[in-house]
Each structure stands twice: as C-alpha cells, then as structure tokens.
Amino acid sequence: MSPQEAVERALALSRTDDCIVIADEASTANLRWAGNTLTTNGVTRSSRLTVIALRDTAGGVAAGVVSRSAVGADGIEDLVRAAEADAAGNEPAEDAAPLITEGAAAGWDDEPAETGIGVYEGFAPALGEAFAAAQAGDRRLYGFANHVLTSTFLGTSAGLRMRHDQPTGLLELNAKGAGGSAWAGVGTSDFTDVDVAALTGGLARRLEWGERRVDLPAGRYETILPPSAVADLMIYLYWSAGAQDALDGRTVFSAPGGGTRVGDRLANLPVTLSSDPAAAGMECAPFLVAHASSRESSVFDNGLALGATDWISDGTLTSLTQTRHSAERTGLPLTPSIDNLAMTGPGGGATLEEMIARTERGLLLTCLWYIREVDPQSLLLTGLTRDGVYLVENGEVVGAVNNFRFNESPVDLLSRLGEVGETGPTLPREWSDYFTRAAMPALRIPDFNMSTVSQAS
C-alpha cells in the first residue's frame with residue numbers, strides 16, 4: 001500500500017468528527033570511515049503513519065494522536081481506533097481551531113522520493129583522494145556522511161491533500177594528528193556542493209596550528225565564533241522563541257510586567273535572523289506539518305502556509321514562533337516555525353580569514369558541544385569548546401590553547417557584537433541531528449566568557 005493509499009484508507013475508516021493523517025516515507029544512505037578507511041555503508045527505508053482524531057465535545061474539540069512505524073494495510077484500522085480512543089479520553093484542546101482547507105502541493109499521486117548510495121557518486125572519489133592525502137601527511141580522518149530523503153503526505157477530512165519531499169544531508173569530518181584534533185562539517189541537500197578538498201585542507205591547517213600549545217586561564221577573551229558555533233547558539237535562541245511561553249513570563253522574550261519583548265532592540269548591530277521555506281540551498285516544507293501539539297505547534301494548524309519571516313530585523317525582535325492559538329492570545333501576527341535559519345549582518349561582511357587578520361589578540365573557536373540551558377529567563381547557556389581553540393596574535397594564529405567551559409546567553413551576545421562576518425551555509429555541531437539547514441556569519445565578541453578551564457580533549 002502506498003503512503004497516499006494509507007492516508008485515504010485511514011480517513012475513510014475514521015468515525016470521529018474530523019481526522020488528520022500524516023504519512024512519512026523515508027530512505028537513508030550513509031557512509032562511515034575511520035583511520036582513512038571506509039568502514040561501513042548502507043541504505044535503509046522507514047515509514048510512519050500518524051492519525052489525529054478530532055472529537056467535538058460540549059466544551060470544544062478533543063484530539064487524540066497515535067503514531068506508528070511500518071503500518072501495513074491490515075494495521076491501519078487498529079491505528080485509527082487507537083487514535084479515536086485517545087481522543088475519547090482527552091479533555092478539549094486549548095489550541096483547537098478549524099482545519100485548514102486551502103492549500104495546494106503538486107505531485108500527490110507521484111511515487112515517494114528515494115535516495116541511495118548513488119547520491120555519493122561525486123563525493124566518494126573525492127573522499128578517497130582525501131584519505132590518500134591524509135595518509136601521506138600523517139593524519140587520520142574519521143567521520144560520516146548521511147543523506148535522508150523523506151516524502152510527507154498530509155491529508156485531512158476537510159479535503160486537504162499536500163505533499164513535500166525533503167532531502168537532508170550532512171557531512172562531519174574529524175582529523176587527528178600531532179596537532180590534536182580538528183572538526184569540519186557541512187549540511188547539503190545532495191552532496192554535489194560539498195568541497196571535500198577545501199574541508200580537509202582546512203583541517204590540515206588547523207592541525208598545523210595545534211602543533212604549538214599554549215595554556216590560558218579562564219576569563220573573558222575577544223573571541224571569533226565561526227559560523228558553526230554561531231548556528232548552535234542562534235538555533236537555541238530560535239527554539240526558545242515561542243510566543244506562548246514569552247507571554248506567560250517564562251523566557252528571555254517575556255516583557256517585564258507582562259506581554260512579550262517584540263519591538264525591543266536586542267542587537268547593537270543591525271543583524272537579521274530569518275527563515276524562508278524557499279531560501280536557496282535550504283529549501284524546506286512550505287506548509288506546516290505537526291505530528292503532535294505542544295506550546296510551539298498545533299495539530300490543528302496542519303497545512304498552514306509558511307512564508308519568509310524575520311525573527312530579528314536590523315537588530316530588533318520582530319516575531320516569535322506562533323500557532324493560531326498563541327497568535328490570538330498575543331495579538332501578534334501569525335508566524336509559525338520554519339525548518340531553516342539564517343543570520344545576516346550589515347553589508348557583505350568580512351571572511352573568517354579577514355577577521356583573523358584584524359585581530360590583535362584573541363581566540364578562534366572551532367565548535368561548541370554539550371550545550372545546556374542554565375536560566376531560561378536570560379537564556380544563559382553553558383557548554384564546552386571542542387576540536388581546537390586557537391590563539392590569534394597580531395593577525396596570525398600562533399598556536400592551540402586548552403579547552404574551556406563557557407557561560408553565555410545568545411541574546412546577551414547580540415547586544416555585545418564587535419563584528420559580523422559574511423554569511424554562508426554551515427552545519428551546527430551540537431544540533432546536527434535535528435537541524436541542518438542554516439546559514440550564519442562568523443561573529444567577533446569582545447568579551448566572550450570562558451568561565452573555567454576544561455580538561456576535555
């Protein structure tokens with residue numbers, strides 16, 4: 001049974017007042033390597049069917065949600081009945097709203113999209129050349145490449161039929177040698193835009209930097225955050241920008257005395273943080289898909305059209321992530337979350353190399369990891385540096401220093417920007433399992449808080 005047929009059958013079997021069905025069909029191709037040798041490769045397929053049963057009650061509409069993997073034709077009715085039973089036991093949903101009835105997506109009847117090992121046709125030979133170069137330079141390469149192609153089919157009892165094919169690829173490379181370890185990563189839709197030689201060349205240069213070691217104490221340092229580290233911090237900010245939590249006084253975006261901080265200036269430089277389903281190289285679903293309701297999303301909004309949205313515009317907070325329910329509560333425009341994120345600064349911005357050349361004395365990071373929230377009211381985060389922290393003096397990298405634990409709020413960082421570099425595609429190191437479509441600049445922070453020395457290596 002095709003995913004489209006599964007959607008139609010589940011809708012036909014429904015006995016509740018309304019029903020939403022989401023079918024996800026995914027295929028995955030991956031490569032892994034260690035010590036300059038390919039170790040594994042494989043292709044997998046998976047499917048998931050989600051049924052959302054909506055039951056009218058005297059007090060509103062109750063929702064029941066059940067999701068299962070690999071549901072065959074003979075298991076669909078049991079799934080529908082389970083969702084209906086869940087709805088029967090639930091109170092009316094506070095986010096209840098009429099189902100979306102308008103929207104179109106081409107290709108409903110087409111076969112699900114599928115990936116395979118062939119996606120690495122150009123990438124694999126370049127990787128082999130990188131292995132040989134690393135071996136000759138007494139370096140070892142470790143890492144993996146992963147490509148997922150997911151076809152999502154959304155159908156509702158209100159007549160909506162929408163479909164989206166989402167490619168998601170990522171590459172993570174780690175090089176080890178006499179200079180310690182260094183990391184590079186990139187997100188991609190099809191691996192045709194991945195420059196393996198440039199990535200591994202950058203890793204080799206960082207290992208050379210690491211051959212000289214310098215110990216530094218904890219403290220506040222002028223620090224250049226590369227795009228990957230900026231992505232990890234800004235994605236956490238984005239995930240924390242729910243309008244409902246802000247309105248209820250729970251977050252850094254809550255206004256003193258009530259309301260939200262929409263309209264407040266957050267950044268000392270005119271930076272913009274935005275999302276756009278049609279962003280080149282970061283295309284994502286142009287309509288909302290919600291498998292369950294939360295404070296940031298609503299199953300009743302399934303199929304809602306998504307458009308370009310500025311979250312921060314020229315340094316000012318302009319939008320928070322909204323459901324129709326939260327937009328009604330806040331009185332703010334409806335701005336649902338979107339599965340990509342970009343940050344831009346004033347003008348074209350300098351390259352990372354140009355920013356280093358302008359640094360009298362400071363630190364250059366590679367990436368961040370083990371990021372955890374300390375205080376939601378200020379969005380204070382803590383975490384560790386990883387795979388290379390370098391000392392810059394008089395415009396040149398002079399060696400590698402020890403790792404640190406940091407304590408910083410990405411919102412507070414925006415108010416202390418020293419410089420914003422050029423924006424380009426990047427991969428968040430910490431959040432790459434959940435979020436790969438990002439474009440960020442490097443940032444210069446004059447007083448980044450390295451709170452303690454870390455023994456991590």
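**Around N302 and the six-stranded sheet**

Hi everyone, let's start with one side chain: that of N302 reaches the backbone nitrogen of A290 at 2.7 Å, a polar contact, meaning a pair of N or O atoms within 3.5 Å, where one must be able to donate a hydrogen and the other to accept it, and residues adjacent in sequence count only if both atoms are side-chain atoms. This is a predicted model, where local features need pLDDT of at least 70 and side-chain atom pairs count only at pLDDT 80 or more, while totals for chains, interfaces and linings use all residues. Residues are numbered from 1 along each chain as its sequence is written, and side-chain values use heavy atoms, leaving out hydrogens and water.

The N302 side chain also reaches the backbone oxygen of V299, at 2.9 Å. Where does N302 sit? In the loop between β9 (272-275) and β10 (309-313); strands here are DSSP runs of E with at least two residues. N302 is buried, at 2% relative accessible area (buried means under 20%, with a 1.4 Å probe and protein chains only). Leaving aside residues up to four places away in sequence, N302 touches several residues, including I22 and L154; contact means heavy atoms within 4.5 Å.

Those two are bridge partners, L154 lying in β4. Strands β1 (18-34) and β4 (140-156) run antiparallel, joined by 14 bridges; two strands pair if DSSP finds at least two bridges between them.

Zooming out, the open sheet has six strands, ordered β3-β2-β1-β4-β5-β6, with antiparallel pairing. The edges are β3 (60-69) and β6 (180-188), each with a single partner strand, so one side of each has no neighbour in the sheet. Thanks, everyone!

Conventions:
Helix = DSSP H or I, 4+ residues; strand = E, 2+ residues; numbered from the N terminus. Buried < 20%, exposed > 50% of the residue type's maximum accessible area, 1.4 Å probe, protein only.
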